[in-house]
Amino acid sequence: MASDSGAARESRATPERDERADYDYRGGETERPGLEAALDERVAGDVRFDDYSRELYATDASAYEVTPVGVVFPASTEDVSSVVSYCAAREIPVLPRGGGTSLAGQAVNEAVVLDFTRYMDAVEEVDAEAATARAEAGVVLSDLNEATSEFGLKFAPDPAAGDRSALGGAIGNNSTGAHSLQYGKTDAYVESCEVVLADGTVTTLGEVTLTELRDGANQDGALLERVYAEVLRIVEEEAGEVEAQYPDLKRNVSGYNLDALVEEAREAQQDPDATVNLARLLAGSEGTLAVITEATVALEPVPETTSAALLAYDSLDAAMRDVPAILDHDAAAVELVDDVLLDLARNTAEFADVAAMLPDGTEAALLVEFYADSEDEGVAKIDELLADRVGDHAFDALEAHDDATQERFWKLRKAGLPILLSRTSDEKHISFIEDCAVPPEHLADYVADFQKILADHDTFASFYAHAGPGVLHVRPLVSTKDVSGVEAMRDIADRVTDLVVEYGGSVSGEHGDGRARTQWNRKLYGDRLWGVFRDLKTAFDPDWLLNPGQVCGDVSMTENLRFDPGYEFEAVSASSASGGSSGERSESDGGFDPALNWQNDNGMQGMAELCHGCGGCRTKQSEGGVMCPTYRAAEEESLSTRGRANALRQAMSGDLPNEQFTDEFADEIMDLCIGCKGCARDCPSEVDMAKLKTEVSHARHQRDGANLRERVFANVDELAKWGSRFAPLANRLPDLPGARAFLERTLGIARERSLPEFASESFQDWFRERGAAVAREDAERRVVLFADTYTNYANPEVGKAVVRVLEATGVHVRVADRTDSGRPAHSKGFVEQARDTARANVAELAPRVADGWDVVVPEPSDAVMFQSDLLDLCSGEDVEVVADNTYGVCEYLDTFRLGDDVEWETPGDSLTYHGHCHQKATKKDHHAVGVLRRAGYAVDPLDSGCCGMAGSFGYEAEHYSMSRAIGRLLFEQVEDSDADTVVAPGESCRTQLGDREGEGRPPHPVEKLADALD
């Protein structure tokens, strides 16, 4: 049975257009606008040649940077054909690109970039009976698998970036992942591809018999006929050389996929009905042979169950020598964690508990996973493995059959990479020999020789990942900002390539050739096959215009580096780079002094240069996590953390000349960062874009001043105080005729947005009248309750609920005199005002904390202001003491297990819980779920991102539509939940959720706890 997924987009056929005069591209600034106009007339998709778009597509996940000619987002195969044919006639290079997750630099070039992920991302059809799917090139692999999952099927290759890499890119790279022992590479699953050839011809490549190949071959004919002729020549004349020179590996993606072609041809020569699949020749071609627009791929059944074991070894060498024997057990995955990663994991708060699972003395571990048809079969496979390998080989082992424990095992395997990628120093763990592959029986000797090469250059690397197929990920620590580092990079690659050849391996077992490895293919395959590669490239692409330079071209691994010896960053004073506070621009050097404390290496510069381009911020809401909400709403590269980080770095380094703090830069790049802090948690490198935006906003205020609305929101505490004093009259003012239009016209506050209503009796006034119900001398714990602006003046019921719940657990409560945490000013970039407020808060709270009091804050963003942002503003022991002893209310109850002795009388309704993005960013959002469940509620915690309100952002007229677009992603999750009531701790979240059509404002979780006290 065939099923249309419903994801196919409505056709956007290219309309007929008047032909323009021919246009010659020579790469100049003057010519580019003419090319942009010419392409824009010929396609229904989007054409962007502005500086921002070009710089956003100048990088991928590699160490390279090349500014493209322009970017086209095609809407159809017709669009692609129009672009390719127009560019071919004018000798303009073209680069097809997916998610930009390539690690070898093959997704950047001086070319017209085709981004398929915006419009050409549909799953057209799933045929469950044939176990195939037909999809456009831009579909993200996780979306493809979501469409096939209802049939119990999946696209089997599982690259680590599968939640943001595209199908066309997976074919272009011949991708695979941790389970390649079971599934092999992408080429095995490619049935056919619709492609645009180098002259714009649209055709379908797939299975052909040798007879059809001979009948269609014509060296002087049309482009496809010349391709047939060259493929036939390779099959008939070069098969022996291919078989002799290609390494005998499961994982080889270097060069063109000729070994698979020759193997099919050998079979076809014995059977006249057998075929060769020309589409599989595109696997690993990196867009150099043809542009894939659509593919039909084979699917595999989703395994019934899995089981796993962690084998512990006393040395890396012992683990490597054990891999061949483990492979005899038919594992689906064999993954390595070495001593470098284990040490890093043990010394981080996030991964220490996972690393602690391993027995003492573990210097390396192998994660072995099995697929099974039943739990009993899974248990049996693990038992057989442990009986064979534990004792004389692995000295101990752990096993896992439940999902939770297996997830912890995989978390340990993945623990090190985020740490490796979080360096803000000039030295970085760079991907340039990351995925060399050797036969597993040579792994131990290969690793030992590799380590000697690294030692010769006084550096190191971690060896981890896919030990089973012999593909270890290795990222040496080098700095490409100095000449010696670049020389070391090349020498290491040269000598490691010699090792790979010696051991019968490949220079790339997973991530492709690109700019990093292309030059080594000649050494790997020899001059004859190098010439064959170039002949095949010429047959497909006579003028070498499709992603030129890759696979068999002339790119050099030390050219076009993102950070090279000539790289310069906008100067900042040495003192402020590690934490200044003046906020004054330095006129002497044209730079500026960062206003916040930066404790990382290289300060603000180090953070701005931290993004390595993996594209983790380009995931969709269905993938869970927090970041990046604006990208999820609009799917624009400029609205991803990667896009903003790259643009900021490029502005500060001069790639976007004189753009550091212009209105255009702020509006196009930084303005829609909503400060959710999701990148500080979900980005593997922990790029803190919210903090970077604060610096940029502050510098802009220093230069240009601030507008009225920014000042109003920065001083909302004072505004709320007066609103409360004049309530309920103040609450009626926005409903007067013309009032909302006036607010939008004068302050830019969206007329559609509901505004806060102020209470005539503030929370502080209520508590002052009421007093504490638990005497200080009778309490084991004492709390200073910091009632934020909204809790005090607009939602005192939340504060009252906090008091009731804390007192029910035996806590003595007092209320702080101050209500402004500094969050409003900080979020609008008024750093000095926020710093003054922070100092005042510390002055009030630090003596209380020193006397044994804890600080509890009902509002999550204000709690995180004390716990985290306070340290960016101020330094000193008192500051650290206040930060360390401040808690959100549910965090406080959960941390100290308060309420365990309370006899809760839960009303019985179930709750959908949406956590605040700031709590999620600081990994504190789980506390409310634990407390509510212990109080008797059934809780469905959403794996949701930011609500889109983001403080003042959702009130601002120009941001209202974006705010609602982000909110709709949350609304969909809420609607999918079966719980009775939505709860959310954030004021912004409750406002956004309350503005849903026909929905009331949800309660704070602590209000539900207070209900359970009745």
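This passage describes two surface patches and the surroundings of one buried glutamate in a predicted model.

On the surface of the predicted model, a patch of negative charge is formed where E375, D376, D402, D403 and E407 gather. Two helices, α14 (375–389) and α15 (403–413), are the elements that each contribute two or more residues to this negative patch. Within the patch, D403 is placed in helix α15, and D403 counts as exposed because its relative accessibility, computed at 63%, lies above the 50% cut-off for that class.

A second patch, nonpolar in character, is made by L729, L733 and L736 and covers about 290 Å² of the surface. Of these leucines, L733 is found in the loop that runs between α30 (729–732) and α31 (739–747). With a relative accessible area of 46%, L733 is classed as partly exposed, because this value falls between the limits of 20% and 50%.

The acidic residue E55, which is located in helix α2 (residues 51–56), has a relative accessible area of 7% and is therefore buried, the limit for this class being under 20%. When residues up to four places away in sequence are left out, the contacts of E55 are with E65, T67, Q650, D655 and L656. For the pair E55 and N707, the separation is 652 residues in sequence, and the C-alpha to C-alpha distance in space is 30 Å.

Conventions. Residues numbered from 1 in each chain as written. Predicted model: local features only at pLDDT ≥ 70, side-chain atom pairs only at ≥ 80, totals over all residues. Heavy atoms only, no water. Patch = residues over 30% accessible without salt bridge, like charges linked within 9 Å, V, L, I, M, F, W, Y side chains within 5 Å. Areas by Shrake-Rupley, 256 points an atom, 1.4 Å probe, with all protein chains shown as cover. Salt bridge = Lys/Arg side-chain N within 4 Å of Asp/Glu carboxyl O. Lys, Arg positive; Asp, Glu negative; His and termini not counted. Charge placed at Lys NZ, Arg CZ, Asp CG, Glu CD. Helix = DSSP H or I, 4+ residues; strand = E, 2+ residues; numbered from the N terminus. Buried < 20%, exposed > 50% of the residue type's maximum accessible area, 1.4 Å probe, protein only. Contact = heavy atoms within 4.5 Å.
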